[in-house]
Amino acid sequence: MAFYDQKYIENPMFTDWVFRPNPMLDRHWEKYLLNHPEEEAQIVELKSRLLELNYSDETLLPEEKIEIAEHVIDRIEYEGENQKRRTIILSFMKYAAVAVIFAVIGGLVVYLKSGNNDSVYKQMAGQIVQIPSVGKGPVLITASGENLDLKKTSSSVDYTQTGTVVLNNDSVLKTVTEDSKAMNQLIIPYGNQSKLTLADNTVVWLNAGSRLVYPTAFSGKTREVLLFGEAYFEVAKNAEKPFIVKTSDIQIKVLGTHFNVSAYAEDKVIQTVLQEGSVELSKNDAGIFSERIVMKPNQMASFSKTTSETALSNVDASYYILWTKGLLSFDEVDFDRILKKVERFYNISVDFSEPTFRAIRISGKLDLKGTREEVLEYLEKVSSTKIKKLNENQYIVNK
């Protein structure tokens with residue numbers, strides 16, 4: 001059964017037929033069923049389950065449709081075997097954390113192999129492998145290779161113009177190296193956040209599960225940083241030296257502006273939201289004639305890692321940066337997407353007993369400075385579900 005199901009969900013004609021049917025697709029699948037009657041029961045059941053989700057097609061990217069279908073398949077295969085399914089979920093989550101680590105490492109390797117990267121980024125490859133992006137607390141890896149535990153879950157790091165590094169507003173670390181190209185890393189595990197002031201006075205808020213690679217000081221014609229995860233940037237203006245944020249797939253070029261980038265390795269979409277100013281997006285290794293997208297304030301650019309295409313939409317940018325203040329605001333947003341943010345913030349894992357629960361649309365505002373129990377209790381109320389605790393860090397959504 002799994003073999004056929006995987007074949008269906010990887011076929012764009014099948015997901016389009018389910019979510020956006022037309023006469024041509026209807027004829028194609030009618031003919032297919034006539035030629036493969038032994039598969040009819042599986043196809044009809046899978047399509048019926050997907051239609052129960054009642055998603056709006058305009059809100060779904062192709063890879064999201066596939067992900068939804070995979071969740072439905074899981075439910076079909078393990079329905080009636082709750083205890084067995086729980087064991088599988090818990091085992092999967094244990095290995096998923098390792099998979100995320102290797103996804104980050106793999107993304108960096110792809111990035112470092114591209115021809116447009118400075119050698120200083122390549123020097124960081126060894127440290128990336130040695131220090132995973134999940135752990136007990138924030139870690140600063142200095143240019144000299146020293147690993148420093150920042151201790152606080154909401155930490156701060158400031159590179160001053162006098163050549164010192166200040167940790168958490170009260171501890172002067174050291175005089176920075178004279179090598180202005182020396183690279184640093186700030187690693188923020190799940191359940192943590194940090195504020196970073198770069199040597200040019202650019203301020204960066206790093207969200208949970210993120211990593212930023214950056215130089216001790218900016219020299220040359222550009223100011224470049226490398227991001228894995230989510231960060232909000234307030235870029236110091238410098239018309240002579242553009243600021244460039246590079247991710248595993250795209251880069252964002254600015255002179256001075258405020259914007260948010262969400263580029264987690266495990267996510268299939270990279271989101272850039274512009275609050276003020278202007279930014280230019282392009283794919284890594286983009287040639288002179290490649291597409292470059294210039295964004296306006298209150299626009300979101302969603303880059304699909306699967307199709308390498310970017311979709312622009314109008315949004316309220318303020319919603320996407322409230323996390324820097326420990327808040328989440330949402331208006332008719334899928335329950336699944338809200339819970340992903342909550343998972344990262346509290347370093348927990350939440351699964352769904354029914355795939356349909358993922359599609360519940362909810363509105364409200366969360367104060368993440370509260371306890372996880374308070375936040376989950378609020379989410380239960382607005383979603384009309386029950387969130388059951390399985391163990392210290394594992395939860396499941398039920399009715």
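How many cavities of 30 Å³ or more does the count come to? The count comes to 2. Keep in mind that this is a predicted model.

Let me stay with the largest cavity. Its volume is about 100 Å³. Which residues line the largest cavity? They are I250, L281, S282, K283, E291, R292, I293, F303, S308, E309 and T310. Sorted by class, that lining has 4 nonpolar, 3 polar and 4 charged residues. Strand β15, residues 279–283, gives the most to the lining, with 3 residues. As for how one looks for such places, rolling a probe the size of a water molecule over the atoms shows where empty space is left.

One of the lining residues is S308, and I want to pause on it. S308 sits in the loop between β17 and β18, the latter being residues 310–314. Its phi is near 60°, which is a positive value in a residue other than glycine. Is S308 buried, exposed or partly exposed? It counts as partly exposed, because its relative accessibility is 31%, and the partly exposed range runs between 20% and 50%.

There is another residue to put beside S308. E332 also has a positive phi, near 55°, and is likewise a residue other than glycine. E332, however, is found in a strand, β19, residues 327–334. At 42% relative accessibility, E332 counts as partly exposed.

Back to strand β17, residues 299–304, which holds M300. Why does M300 count as buried? Its relative accessible area is 9%, and buried means under 20%. M300 and L312 are 12 residues apart in sequence, yet their C-alpha atoms are 5.6 Å apart in space. L312 is also on the list of residues that M300 touches. Leaving out residues up to four places away in sequence, that list reads Q271, T272, V273, M295, A311, L312, S313, V315 and Y320.

Now the nonpolar cores. The largest one has 37 residues, and L140, F233 and F259 touch the most other members. Which strand gives the most to this core? Strand β10, residues 223–234, does, with 4 residues. There is a second, separate core of 27 residues, and its members include V342, F357, I362 and L368.

F233 comes up again when we look at V203, which is found in strand β8, residues 203–206. V203 touches F233, along with K195, L196, T197, Y232 and E234, again not counting residues up to four places away in sequence. With Y232, the C-alpha separation is 8.3 Å, for two residues 29 apart along the chain. V203 counts as buried, because its relative accessibility is 14%.

Last, the whole chain. What does the secondary structure come to? It comes to 10 helices and 23 strands. The protein chain has 399 residues, and buried residues make up 50% of them. The accessible surface is about 19300 Å², with 52% of that belonging to carbon and sulfur atoms. Then there are the contacts between residues at least 6 apart in sequence: of these, 54% join residues at least 24 apart. The pair V203 and Y232 is one example of a contact across such a separation, at 29 residues.

That is the end of my part.

Note on methods
Residues numbered from 1 in each chain as written. Predicted model: local features only at pLDDT ≥ 70, side-chain atom pairs only at ≥ 80, totals over all residues. Heavy atoms only, no water. Core = buried A, V, L, I, M, F, W, Y, C linked by side-chain atoms within 4.5 Å. Buried < 20%, exposed > 50% of the residue type's maximum accessible area, 1.4 Å probe, protein only. Helix = DSSP H or I, 4+ residues; strand = E, 2+ residues; numbered from the N terminus. 1 Å grid on protein atoms, 1.4 Å probe; cavity = no way out; pocket = protein on both sides within 12 Å on 5 of 7 lines; lining within 4 Å. Points joined across faces, edges and corners; volume = space filled by probe spheres on them. Nonpolar A, V, L, I, M, F, W, Y, C, P; charged D, E, K, R; others polar. Contact = heavy atoms within 4.5 Å. Areas by Shrake-Rupley, 256 points an atom, 1.4 Å probe, with all protein chains shown as cover.
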